[in-house]
Amino acid sequence: MKSILFSILFFLFISLQLFAGHKKVNGTTEYIAALKKVTDVMLSDVTSPVAASRYYAYISLTAYQMQSLFNNKNYPSLYGYVNKLPAIKIDGILLKSADPSLAIILAIFKSAEKLLPSGYLLKKQTDSLKHLYLKSMELTKIFTQTLLLVDEVVQQMMPYIKADGFATLNNQPRYTPKNGDGYWQPTQPVFMAPVEPHWNTLRPFLLDSAQQFKVAMPAAYDTVKTSSFFMQLKEVYNISFTASKEQKAIAMFWDCNPFAVEQIGHVEFGIKKISPGGHWMGITGIVCKKKQLTLSKTVLVHALVSIALADAFIACWDEKYRSNRVRPETAINKLIDPRWHPLLQTPPFPEYVSGHSVASTAAAVVLTKIFGNRFLYIDDTETEFGLPKRKYNSFEQAASEAAISRLYGGIHYQDAIDEGKWQGKKVGGLVINKLKNHLDVLAKSK
């Protein structure tokens with residue numbers, strides 16, 4: 001009985017310490033936990049890698065714009081930097097009566113609630129926060145005013161978000177795979193239709209257009225054994241038999257395929273996996289906690305990384321459906337071994353370039369700019385999916401590992417990895433160059 005009473009009192013004490021006033025709140029842990037709740041809903045929705053990157057960017061951007069309302073001098077708005085982002089206009093009285101830390105956390109839940117297909121599941125998170133503010137009339141008033149502020153900001157953000165082209169994707173012409181051995185075709189076990197073939201029509205965040213950083217043309221399909229294409233194809237095939245235990249572990253750790261399906265007899269089971277963007281947002285949270293960043297800096301770091309990820313996928317998807325190159329699985333089954341299967345399940349979209357390579361490199365470039373070339377951390381993002389933690393000495397090391405994992409997994413050729421890394425560096429560099437003023441905010445804190 002005493003232990004139960006102690007637990008209740010401890011919970012109330014922590015709750016009041018966390019939410020009684022923003023001056024007592026660090027908030028970084030709460031922010032990262034809130035994003036994890038969003039990730040869990042995306043996981044349940046089987047959100048595609050490109051859609052996940054879009055959601056993370058808008059949710060993080062809304063949270064940052066909320067923060068800038070309270071402290072625009074030190075954390076300037078991204079209005080005028082991000083393509084067509086509107087200026088948020090809020091009554092000063094409403095700002096003074098709201099709690100900044102609470103507003104940022106609520107901004108995550110309320111924007112995600114609007115954006116995600118199953119966003120309604122996050123309403124209980126808002127209700128849980130509200131419950132903590134029922135301890136007194138003063139706290140209840142703070143919560144009410146803060147929620148009014150958040151609803152107003154989200155309402156002003158939604159027209160901008162809805163105008164990015166996402167809502168019209170289903171109205172685009174239906175994509176039909178091209179005829180020819182060198183072009184992408186759906187792969188087993190379920191032969192899914194291609195994912196988001198018109199993603200390059202979306203409004204980018206910082207890119208001038210989806211074509212701003214076009215990569216070199218891929219090695220052309222060629223059955224001659226000395227050709228670049230066939231030698232790369234043979235490399236994928238050979239490594240499936242010679243890969244070390246460590247190489248296989250790397251492939252599994254970075255799989256991040258939300259569309260993975262396991263087939264047992266005539267029954268198919270979807271396997272829940274995080275998206276590549278979700279993995280890097282997880283890494284971002286890990287390093288923010290390790291550096292013990294304030295809530296304000298944590299919000300900014302997540303906004304920068306999420307924007308890099310979103311633009312990386314827009315650029316990558318533009319190339320995927322332009323070159324439309326065949327996956328190793330299809331080509332190997334036709335030219336080398338009809339019974340061969342890759343270690344990882346082939347994702348349902350064209351091969352060139354590697355999305356993991358582009359997105360991981362872009363995120364790593366931004367994180368390296370913020371935290372330095374050498375940053376030791378332990379990545380436990382995948383432990384909930386039964387995979388062990390991995391240690392890294394730098395973000396570049398992690399990104400390079402993520403990129404080469406696609407070769408180890410049997411789903412990409414080497415040139416798709418190399419050119420993907422090049423494109424990712426360009427996107428990451430663009431974020432650094434265009435948002436230099438915001439990066440300077442973080443540099444001052446070192």
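Helix axes here are lines fitted to C-alpha atoms over the stretch in contact, and angles run from 0 to 180 degrees between N-to-C directions. With that in hand, some notes on this structure, which is a predicted model.

1. Start with the α6/α7 pair. Helix α6 covers residues 123-132 and helix α7 covers residues 137-162; they pack at an angle of about 150 degrees, and their axes are 8 Å apart. Angles over 145 degrees count as roughly antiparallel, and α6 and α7 therefore run roughly antiparallel to each other.

2. Which residues make that contact? On the α6 side you'll find Thr126, Leu129, Lys130 and Leu132, and on the α7 side Leu139, Phe143 and Leu147. Sorted by class, the α6 contact with α7 comes to 5 nonpolar residues, 1 polar and 1 charged. Worth pulling these side chains up on screen while you look at the helix pair.

3. Next, the loop between α7 and α8, where several backbone details turn up. The peptide bond leading from Gln188 into Pro189 is cis, with omega near 10 degrees, and Pro189 sits in this loop. Phe191, also found in the loop between α7 and α8, is not a glycine but has a positive phi of about 50 degrees. Then there's Glu196, again a residue other than glycine, with a positive phi near 45 degrees; Glu196 lies in the α7-α8 loop as well. I'd go through this stretch residue by residue.

4. A cis bond to a non-proline deserves its own point. The peptide bond from Tyr352 to Val353 is cis, with omega near 5 degrees. Val353 is in the loop between α12 and α13.

5. On salt bridges, the count comes to 16. One of them pairs Lys334 with Asp181, with the closest N and O atoms 3.9 Å apart. The cut-off for a salt bridge is 4 Å, so keep that in mind when you look at this pair. What parts of the chain does the pair link? Lys334 is in helix α12 (residues 328-335) and Asp181 is in the loop between α7 and α8, so these are distant parts of the chain, 153 residues apart.

6. Now for enclosed space. There are 5 cavities of 30 Å³ or more in the structure, and the largest has a volume of about 110 Å³. Its lining is made of 16 residues, and nearest the centre of this cavity are Pro49, Pro347, Phe349, His356 and Arg406. Two elements, α11 (295-323) and α13 (355-371), give two or more residues to this lining. Which element gives the most? That would be α11, with 3 residues. By class, the lining of the largest cavity splits into 9 nonpolar, 4 polar and 3 charged residues.

7. Last, the open space. The largest pocket holds about 370 Å³. What lines it? There are 19 lining residues, with Ile32, Lys36, Gly282, Ile286 and Thr381 nearest the centre of the pocket. The elements giving two or more residues to the pocket lining are α2 (28-45) and α10 (276-290). In class terms, the pocket lining has 7 nonpolar, 8 polar and 4 charged residues. For the largest cavity, to set beside it, the split was 9 nonpolar, 4 polar and 3 charged.

Technical notes. Residues are numbered from 1 along each chain as its sequence is written. This is a predicted model: local features need pLDDT of at least 70, side-chain atom pairs count only at pLDDT 80 or more; totals for chains, interfaces and linings use all residues. Side-chain values use heavy atoms; hydrogens and water are left out. Helices (H or I, at least four residues) and strands (E, at least two) are DSSP runs, numbered from the N terminus. Angles under 35 degrees count as roughly parallel, over 145 as roughly antiparallel, 65 to 115 as roughly perpendicular and the rest as oblique. Contact means heavy atoms within 4.5 Å. Ala, Val, Leu, Ile, Met, Phe, Trp, Tyr, Cys and Pro count as nonpolar, Asp, Glu, Lys and Arg as charged, and the others, Gly among them, as polar. On a 1 Å grid over the protein atoms alone, a cavity is a set of points where a 1.4 Å probe fits but cannot get out, and a pocket is an open set with protein on both sides within 12 Å along at least five of seven lines; lining residues have an atom within 4 Å of a point. Grid points are joined across faces, edges and corners, and a volume is the space filled by probe spheres set on the points. A salt bridge is a side-chain nitrogen of Lys or Arg within 4 Å of a carboxyl oxygen of Asp or Glu.
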